[in-house]
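Got the viewer open and a selection box ready? Here is a short tour, one stop at a time.

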Amino acid sequence: MSGKKNIVWLASYPKSGNTWFRAFLTALQNGGEVDINKMGTSGIFSSKEIFESVCDMDADELTAGEIQRLKRSVYRYRSEQHEKKMFVKIHDAFACDDAGIPLIPEDVTHCAVYFVRNPLDVAVSFANHNNQPVAKTIDKYINNPHGTLSNAPAANQFPQPLLDWSCHVESWLRRPQFPVYMLRYEDMLADTFNVFKDVIRKIGLYHTDEEIQAAITASSFDALRRQEDEKGFREKMPKSPRFFNAGITGSWKQVLAPEQADVIRKYHEIMMKERGYIP
Amino acid sequence: MRNIDPEMTLVNSPAPFIYQAFGLILSSEIVFPELFMPDSPAGISSDVSIRLGKAPAKESITGTQKPFSAYNATEFWFLKPGIALYYVKEGREIVIELLGGSEEEVRLFFLSNALGALLYQRDLIPLHASGVITASGDVYLFTAPSRTGKSTLLYMLTQMGCRPFTDDVCVLQPDEQEGAETAFYATASYPVMKLWGETIKKFEADAPQAQRKLRPDIDKYGVNFHHAFDTSPLKVKGIIILEADKAGKEISIEKLSALDAFRAVEKNVYRRHWVEGMGKGIAHFRHVGALANNIPVYLAKRPVQQDTIRTFAGAIHQVIAPGQEA
């Protein structure tokens, strides 16, 4: 084991600002430039391709239990191979295996940044992402305690257990033994410079205000959307019209029916109050 | 050629068993129902011996060290925890140390990894490809990363009347007789297609020939085609790169330039990440370059937004067997 604690998990429920922050980090480490199809971060925890290249095994020929156990070794190895900090995206809820051991290796983890967004807006954005009705998104994901991404056996990513929105937030903010820095999407939008500057210092990255501002400009919503329009975005779901859709807060007010908003508020009342989404 | 009885036992009395895979003769202490058994094995000299035994310690292998493998140009060590440990040496010897896996599991990781490493050690760069034999006896190969649909396409083409050549892997070698590496010959791996239960169900193939689960807890099956298997090197007529197209709405098939062909084929070498650690960088580059310059390479895109696999298989069938009805 390397003894290095250099993995920074970029964790979130889907459509909560993770990709935006990865684009910002890429620009920050790349002289203020970002290509959305060549992000400078180190992949996603659910990638079968990364797993296979380290394990030398075909992911589709392994059981779920084997994959859980082997993944920890994969990320310990990747940590050892990286001199500097590595940023790994993860949508899985923070969870443990049957023996109570966390599925991500805490011994090589530096910290996590957890992105949280109002579930009313998440529902709208996630529905667009999957090109499916909002009602289905609420039932299948937001309010589903067994919500899971990528369930098809031949998918390119392992299934990602999300749980419901509240449990996802709770899992990351309360269970890890390493520092978790929470960023609210709404705060990222309202005060981008100070929020981003504060979190990169906490992570242990040191950049000038000018460098931070240049990276923010390069990764602005308009800039990312323009790139998607010009050359597409490989992380977009095939059926979705676009990945960078609106990028604003409060779009739920125009899209959700009152009863859809109520069903989300009722299900997630406690966590929404804790995060400041319900007074 | 004959179909092999899938009944078997791991440690058997009349060992060694003689098999043929990738054009090599394997002499094995254990039975492999997946592999092809030559018609007259008596007296045949083997290229590779497979035996049960104790593998050396991982630390003794110099070179690349990964969590479950260690390798260099002549040695490969691979652990599948709870199943077996595999040690491959100098392209001639494979030792299997049993660690409690079932017979089919021990064989599964042998076939995907130990055999793959053996090919590298023998300077046979394997291509991640499935393929079919044309009416004239040449082969068309289709290559792509895992989970793009190679096995499904192979299965569908066999349903349309094509003769299966190989699934997942084959080796390619230039024809030295013809000189200047202008022609390439492919040798098949072994006569099994690996298909998801969902695929078999979807295309209504109830128990086609011998079919067995690859592992007890995984809904994936090996479908034998021993009866149609050809062990000889066959001339490669073309290579088709399969691409799942996220944005497109139409199936398209276009011939690639030599440069684009090189890039596309290079990415699809089997276990590409072994090339450097096994010291095959130069051979790999030269081999793929010659291939891309001399074999027609096509890019076939399939829109993934719609269920187009049947239409796609029909379009590929038109390239392979022009004018023939699928």
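Start with two helices: α1(A) and α9(A) are oblique to each other. This is a predicted model, so read the geometry as that of a prediction. To see the pair, select helix α1 (residues 18-28) of chain A together with α9(A); they pack at an angle of about 130°, with their axes 8 Å apart. The oblique label follows because the angle is neither over 145 degrees nor in the range from 65 to 115. Look at the handedness too: α1(A) passes α9(A) in a right-handed crossing.

Now show side chains. From α1(A), pick Phe24(A), Ala27(A) and Leu28(A); they meet Glu211(A), Ile212(A), Ala215(A), Ile216(A) and Ala218(A) of α9(A). Colour this contact by class and you get seven nonpolar residues, one charged and no polar.

**Next stop: the other partner of α9(A)**

Keep α9(A) (residues 209-218) on screen and add helix α8 (residues 192-203) of chain A. At what angle do α8 and α9 of chain A pack? It is about 120°, and the axes are 10 Å apart. That makes α8(A) oblique to α9(A), and the crossing is right-handed. On the α8(A) side, select Thr192(A), Phe193(A), Phe196(A) and Lys197(A); across from them in α9(A) are Ile212(A), Gln213(A) and Ile216(A). This contact splits into four nonpolar residues, two polar and one charged. Ile212(A) and Ile216(A) may look familiar: they also meet residues of α1(A).

**A cysteine on a strand**

Jump to strand β3 (residues 109-116) of chain A and pick out Cys111(A). Is Cys111(A) buried or exposed? Partly exposed: it has 19 other C-beta atoms within 10 Å, and buried would take 20 or more. Leaving out residues up to four places away in sequence, Cys111(A) touches Val8(A), Phe178(A), Pro179(A), Val180(A), Tyr181(A) and Ile203(A). Try the distance tool from Cys111(A) to Thr208(A): the two are 97 residues apart along the chain, and their C-alpha atoms are separated by 22 Å.

**Two positive phi angles**

Select Asn131(A), in the loop between α4 (119-130) and α5 (134-142) of chain A. Its phi is near 50°, a positive value in a residue other than glycine. Asn131(A) is exposed, with 12 other C-beta atoms within 10 Å.

Then switch chains and find Arg271(B), in the loop between α4 (258-267) and α5 (281-294) of chain B. Phi of Arg271(B) is near 50° as well, again positive in a residue other than glycine. Arg271(B) is partly exposed, with 19 other C-beta atoms within 10 Å.

**Where the chains meet**

Zoom out to show both chains. Here 24 residues of chain B are in contact with 19 residues of chain A. On the chain B side, select β6 (75-80), α1 (103-121), β15 (211-215) and β16 (218-224): each supplies at least two residues of the side that touches chain A. By class, that side of chain B has nine nonpolar, six polar and nine charged residues. For the complex, the predictor gives an ipTM of 0.88 and a pTM of 0.90.

**Last stop: colour by confidence**

Chain B averages a pLDDT of 89, with 91% of the residues scoring at least 70. Finish on residues 1-13 of chain B, where pLDDT stays under 50. The model has 23 contacts beyond four places in sequence for this stretch. Where pLDDT is low, the predicted coordinates should not be read in detail.

Key. Residues are numbered from 1 along each chain as its sequence is written. Chains are lettered from A and ligands numbered from 1 in the order in which they are written. This is a predicted model: local features need pLDDT of at least 70, side-chain atom pairs count only at pLDDT 80 or more; totals for chains, interfaces and linings use all residues. Two residues are in contact if their C-beta atoms, placed from the backbone, lie within 7 Å. Helices (H or I, at least four residues) and strands (E, at least two) are DSSP runs, numbered from the N terminus. Ala, Val, Leu, Ile, Met, Phe, Trp, Tyr, Cys and Pro count as nonpolar, Asp, Glu, Lys and Arg as charged, and the others, Gly among them, as polar. Axes are lines fitted to C-alpha atoms, for helices over the stretch in contact, and angles run from 0 to 180 degrees between N-to-C directions. Angles under 35 degrees count as roughly parallel, over 145 as roughly antiparallel, 65 to 115 as roughly perpendicular and the rest as oblique. A crossing is left-handed if the near helix is turned anticlockwise from the far one by less than a right angle, and right-handed if clockwise. pLDDT is the predictor's confidence in each residue, from 0 to 100.
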